[in-house]
Amino acid sequence: MYEFEIKTGKITIDQDKCKDCTSFACVKACSAFGRQILRLEGHKPILSTSLDDAKRICNECLCCELYCKFDGRDAVRISLPMPELVEYRRKMGLEK
Ligand code: SF4
Ligand code: SF4
(Lines give C-alpha, C1' and ligand atoms only; values in the text may rest on other atoms or scores of the structure.)
(Ligands and ions follow the chains in the order given, each with its own letter.)
Protein backbone atom coordinates (compact mmCIF):
# COMPACT_ATOMS: atom_id res chain seq x y z
CA MET A 1 0.00 0.00 0.00
CA TYR A 2 1.18 3.49 -0.89
CA GLU A 3 -0.05 6.04 1.62
CA PHE A 4 0.36 9.74 2.29
CA GLU A 5 -1.23 12.32 4.54
CA ILE A 6 -3.32 15.22 3.31
CA LYS A 7 -4.61 18.19 5.34
CA THR A 8 -7.47 16.47 7.12
CA GLY A 9 -6.88 12.80 6.38
CA LYS A 10 -4.92 10.42 4.22
CA ILE A 11 -4.89 8.82 0.79
CA THR A 12 -4.12 5.13 0.32
CA ILE A 13 -3.37 3.57 -3.07
CA ASP A 14 -3.36 -0.21 -3.50
CA GLN A 15 -0.61 -0.23 -6.12
CA ASP A 16 -0.99 -3.98 -6.70
CA LYS A 17 -4.18 -3.14 -8.61
CA CYS A 18 -2.38 -0.59 -10.77
CA LYS A 19 -0.35 -3.13 -12.73
CA ASP A 20 -3.46 -4.01 -14.78
CA CYS A 21 -4.59 -0.40 -15.20
CA THR A 22 -4.53 1.21 -18.61
CA SER A 23 -6.33 4.47 -17.87
CA PHE A 24 -4.13 6.00 -15.14
CA ALA A 25 -7.21 8.03 -14.38
CA CYS A 26 -5.93 9.05 -10.95
CA VAL A 27 -2.98 10.99 -12.36
CA LYS A 28 -5.09 12.53 -15.12
CA ALA A 29 -7.79 13.58 -12.65
CA CYS A 30 -5.25 15.09 -10.27
CA SER A 31 -3.80 17.00 -13.18
CA ALA A 32 -7.21 18.20 -14.45
CA PHE A 33 -9.05 18.91 -11.19
CA GLY A 34 -6.54 18.59 -8.37
CA ARG A 35 -3.12 20.02 -7.71
CA GLN A 36 -0.95 17.87 -9.99
CA ILE A 37 0.73 16.05 -7.13
CA LEU A 38 0.53 12.55 -8.65
CA ARG A 39 2.77 11.12 -11.35
CA LEU A 40 3.51 7.68 -12.74
CA GLU A 41 6.60 5.68 -11.97
CA GLY A 42 6.40 2.63 -14.16
CA HIS A 43 2.80 1.50 -13.76
CA LYS A 44 2.40 2.98 -10.28
CA PRO A 45 1.08 6.38 -9.24
CA ILE A 46 3.30 8.12 -6.72
CA LEU A 47 3.67 11.63 -5.37
CA SER A 48 5.45 14.16 -7.53
CA THR A 49 6.07 16.19 -4.37
CA SER A 50 7.54 15.57 -0.94
CA LEU A 51 5.26 14.16 1.76
CA ASP A 52 5.20 17.57 3.48
CA ASP A 53 4.25 19.38 0.26
CA ALA A 54 1.53 16.83 -0.54
CA LYS A 55 -0.04 17.48 2.85
CA ARG A 56 0.06 21.21 2.21
CA ILE A 57 -0.91 21.25 -1.48
CA CYS A 58 -3.60 18.54 -1.98
CA ASN A 59 -6.98 20.25 -2.21
CA GLU A 60 -8.90 17.13 -1.15
CA CYS A 61 -10.98 17.28 -4.33
CA LEU A 62 -11.51 13.47 -4.13
CA CYS A 63 -11.09 13.15 -7.91
CA CYS A 64 -8.28 10.58 -7.76
CA GLU A 65 -10.56 8.22 -5.84
CA LEU A 66 -13.65 8.86 -7.98
CA TYR A 67 -11.90 8.55 -11.33
CA CYS A 68 -10.00 5.46 -10.25
CA LYS A 69 -13.29 3.93 -9.12
CA PHE A 70 -14.99 4.48 -12.48
CA ASP A 71 -12.10 4.41 -14.98
CA GLY A 72 -9.39 2.56 -13.06
CA ARG A 73 -9.26 -0.41 -10.73
CA ASP A 74 -10.84 1.05 -7.60
CA ALA A 75 -7.45 1.26 -5.92
CA VAL A 76 -7.68 4.64 -4.17
CA ARG A 77 -9.20 5.31 -0.77
CA ILE A 78 -9.40 8.77 0.74
CA SER A 79 -10.03 8.84 4.45
CA LEU A 80 -11.30 12.12 5.92
CA PRO A 81 -12.24 11.60 9.56
CA MET A 82 -14.97 13.96 10.81
CA PRO A 83 -15.17 13.55 14.61
CA GLU A 84 -17.43 16.62 14.92
CA LEU A 85 -19.98 15.01 12.60
CA VAL A 86 -19.90 11.76 14.59
CA GLU A 87 -20.40 13.75 17.80
CA TYR A 88 -23.25 15.75 16.24
CA ARG A 89 -24.97 12.57 15.04
CA ARG A 90 -24.52 11.03 18.49
CA LYS A 91 -26.11 14.11 20.13
CA MET A 92 -29.00 13.94 17.68
CA GLY A 93 -29.54 10.29 18.58
CA LEU A 94 -28.56 9.17 15.08
CA GLU A 95 -25.56 7.23 16.30
CA LYS A 96 -24.88 5.21 19.42
S1 SF4 B 1 -6.42 4.89 -11.87
FE2 SF4 B 1 -6.40 3.58 -10.04
S3 SF4 B 1 -5.73 1.57 -10.76
FE4 SF4 B 1 -5.18 3.09 -12.34
S5 SF4 B 1 -3.06 3.70 -11.86
FE6 SF4 B 1 -4.44 5.15 -10.81
S7 SF4 B 1 -4.71 4.29 -8.74
FE8 SF4 B 1 -3.90 2.65 -10.04
S1 SF4 C 1 -7.52 14.59 -3.69
FE2 SF4 C 1 -7.33 15.83 -5.58
S3 SF4 C 1 -5.44 17.05 -5.34
FE4 SF4 C 1 -5.40 15.41 -3.80
S5 SF4 C 1 -4.22 13.75 -4.74
FE6 SF4 C 1 -6.39 13.33 -5.18
S7 SF4 C 1 -6.82 14.34 -7.17
FE8 SF4 C 1 -4.86 15.15 -6.39
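The shell around ligand 1 divides into ten nonpolar, two polar and two charged residues, with Ala, Val, Leu, Ile, Met, Phe, Trp, Tyr, Cys and Pro counted as nonpolar, Asp, Glu, Lys and Arg as charged, and the others, Gly among them, as polar. Of the 14 residues around this ligand, C18, C21, C26, C68 and G72 come nearest; a residue is near if its C-beta atom, placed from the backbone, lies within 6 Å of the molecule. This is a predicted model, in which local features need pLDDT of at least 70 and side-chain atom pairs count only at pLDDT 80 or more, while totals for chains, interfaces and linings use all residues. Residues are numbered from 1 along each chain as its sequence is written, and chains are lettered from A and ligands numbered from 1 in the order in which they are written.

Now for the sheet. Three strands (DSSP E runs of at least two residues, numbered from the N terminus) make up an open, antiparallel sheet in the order β1-β2-β5, where pairing takes at least two DSSP bridges. β1 (2–6) and β5 (76–79) sit at the edges with a single partner strand each, so one side of each has no neighbour in the sheet. β1 pairs with β2 (residues 9–13) over five bridges, and E3 has T12 in β2 as its bridge partner. Helix α3 (residues 63–71) packs on the sheet and touches β2 and β5, contact being C-beta atoms, placed from the backbone, within 7 Å.

Then there is helix α4 (residues 83–91), a DSSP H or I run of at least four residues. α4 is hardly covered: zero of its nine residues are buried, that is, have 20 or more other C-beta atoms within 10 Å of their own. Just after α4, G93 adopts a positive phi of about 75°.

Methods. A residue is buried if 20 or more other C-beta atoms lie within 10 Å of its own, exposed if 12 or fewer, and partly exposed in between; C-beta atoms are placed from the backbone. Two residues are in contact if their C-beta atoms, placed from the backbone, lie within 7 Å. Axes are lines fitted to C-alpha atoms, for helices over the stretch in contact, and angles run from 0 to 180 degrees between N-to-C directions.
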